[in-house]
Amino acid sequence: MERRDQETENDIVEVQSQLPHSASKSENGDVVLVINHERVRPPFSVVLATLLYFAEIVCASMLSKRYHDTHDTIWMGLTITFMVVPTVLIQLTLTFIHRDLGMDRPLVLFMHMLMLGPLIRCIEALVTYCRAGKQEEPYVTISRKMKLKEGRGLPMEWEIGHSERRLAVHRNAFKRTAIIQAFLGSTPQLTLQLYASIQEKYFLVDIRLAVMAIALVSMTYGALVCSVLAINIKYDEYKVRVKLCAYVCMVLWRGLEISTRIVALVLFSTALTVWVIPLGLANLLFFFFLPWVEFWARKGSLPENVEKNLSKLGTVVVLCMVTLLYACINVFCWSAVQLNLADHDLIEKQPRWNRVALYYLARFAENVLLIVLWYLFKTDFYEYVCAPLLVVQLVVCYGLAIFFMLLFYQFFHPCRRLFHHNVEDYLRCICCQRQPKEAEEESARGRKSKEPSPEPLLESSQEQEPPAELVVDVSPDDAPPPTSSNGQLGERETDIVDDLSDTADRNSVTVES
């Protein structure tokens, strides 16, 4: 017994010597404990989201002042609307995530009332980061996740300290605010200013272009955060590491997709202004009610873990806000997730490739239709523009966006090894007009037929029947003649008797000689 314990200790020591200095192995050998002694990562995402928030507010305020001076009341009202609505929702989101209503923090609530909530949150995050690591602090919780290594999940545990936990809360909160600002503020603002520039046939170089540039950066960043956040929510049990190539691919994918969509909507609105409002409302209402229709069809119940202190009415209000954000995202680009209001995470964990393909096919057809209608009813403003070339450029740009999306899911997705079927499988099945399950069964049959089959034993062939999945249909022309086990036994006994007689004849010849 002592020898066995000593061997176990030696094995543990050997495993620990192969692991990094910050890792150890648990006693049961299932989970590797990683004690995080490294320096806490700086909150760059918090600072970037705060800078984009204030830059867009300042530039939009200056542009509204310019519209007021030129008596452009409509442009001024819409600009203020797309500036104020996301700002208010961001204050409510930060208050809801940090749960400040049940805490005695009057200064923070006062800053939120002044629309300066992101500023005080950013200062808190920077102060927490500066204080982290100066003194040893006990861990608050242990985070257990699977680390993907060579296609297999390795169980890991991380000790989370107070500072790291506070910074994680700030990062998660600002990820949500970046998405809200991008799709409820920046994207409509960019569409409005581009439309106003074309209608008025001039650009306010100093202010309007600044607003459009900041909105474009905020929109791209928000779409990037939306994609990464969707991956983290879907694969919550895994430690996800997104590489630089994946970020570049996602930026090209999202940037081309949203930019092409905005240009198509703006061009269509300049030619057929009356029809752009019904088109936008139809898109918005369809994606807003789609999760609720699926929720009622499944006969699900409202999730109870949205917030402990919320009533059913409060839960419905929060879910409506989430659905509104989901609808606004899908108006301009694919949201990368499907809502499931009956699930506790509100996200459909199983990816549906048919839903993605249907969305992009419908959106591609809609964008082409909008561009063609603009080409047929365009105004005199575009007489110096090569309209056919512009149409081709927009179609090619949206095709490139789809190409970069397929490239990301095929080669750069951090959890692509967990997919049952990848993009290549579905494209092959679409080309061959087969289902993925049938293609997988055919490939398995091909692999089994290529393997050399050993000669079956006589007893096993008499007692056992072949399994059902290995039975192959053979045509009557190719079928071998029927043989019985008695015939096989008689042929083998005849061969053995002939061999014995030949051996006896040889021995007799040797003796006579």
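Which residues in the largest nonpolar core touch the most other members? In this predicted model, they are I179, F183, I258, I262, I329 and W374. The core holds 58 residues. Eight helices each supply at least two of them: α2, α3, α6, α7 (208-234), α8, α10, α11 (353-377) and α12 (387-412). The top contributor is α6, with 13 residues. Apart from this core lies another, of 37 residues. Its members include I231, W253, L339 and V356.

The surroundings of I179 can be listed residue by residue. Leaving aside residues up to four places away in sequence, I179 touches G222, V225, C226, L229, L325 and I329. Of these partners, I329 is itself among the core residues that touch the most other members.

Enclosed space was examined next. The structure holds four cavities of 30 Å³ or more. The second largest cavity has a volume of about 80 Å³. Its lining is made up of Y53, E56, I57, A60, F82, M83, P86, T87, I90, Q181, G185 and Q189. Three helices each provide at least two of these residues: α2 (44-69), α3 (73-98) and α6 (162-200). The largest share comes from α3, which gives five residues. By class, the lining of this cavity comprises seven nonpolar residues, four polar residues and one charged residue.

Open space is represented here by the second largest pocket. The volume of this pocket is about 900 Å³. It is lined by 26 residues, of which F82, P188, T191, V276 and G280 lie closest to its centre. Two or more lining residues come from each of α3, α6, α8 (244-271), α9 (273-298) and α10 (312-332). Here α9 supplies the largest share, eight residues. The pocket lining divides into 19 nonpolar residues, six polar residues and one charged residue.

Several elements recur across these features. F82 lines the second largest cavity, and F82 is also one of the residues closest to the centre of the second largest pocket. Helix α3 gives at least two residues to the cavity lining, two or more to the pocket lining and at least two to the largest nonpolar core. Helix α6 likewise contributes to the cavity, to the pocket and to the core. Helix α2 supplies at least two residues to the cavity lining and at least two to the core. Helices α8 and α10 each give two or more residues to the pocket lining and at least two to the core.

Note on methods: Residues numbered from 1 in each chain as written. Predicted model: local features only at pLDDT ≥ 70, side-chain atom pairs only at ≥ 80, totals over all residues. Heavy atoms only, no water. 1 Å grid on protein atoms, 1.4 Å probe; cavity = no way out; pocket = protein on both sides within 12 Å on 5 of 7 lines; lining within 4 Å. Points joined across faces, edges and corners; volume = space filled by probe spheres on them. Helix = DSSP H or I, 4+ residues; strand = E, 2+ residues; numbered from the N terminus. Nonpolar A, V, L, I, M, F, W, Y, C, P; charged D, E, K, R; others polar. Core = buried A, V, L, I, M, F, W, Y, C linked by side-chain atoms within 4.5 Å. Buried < 20%, exposed > 50% of the residue type's maximum accessible area, 1.4 Å probe, protein only. Contact = heavy atoms within 4.5 Å.
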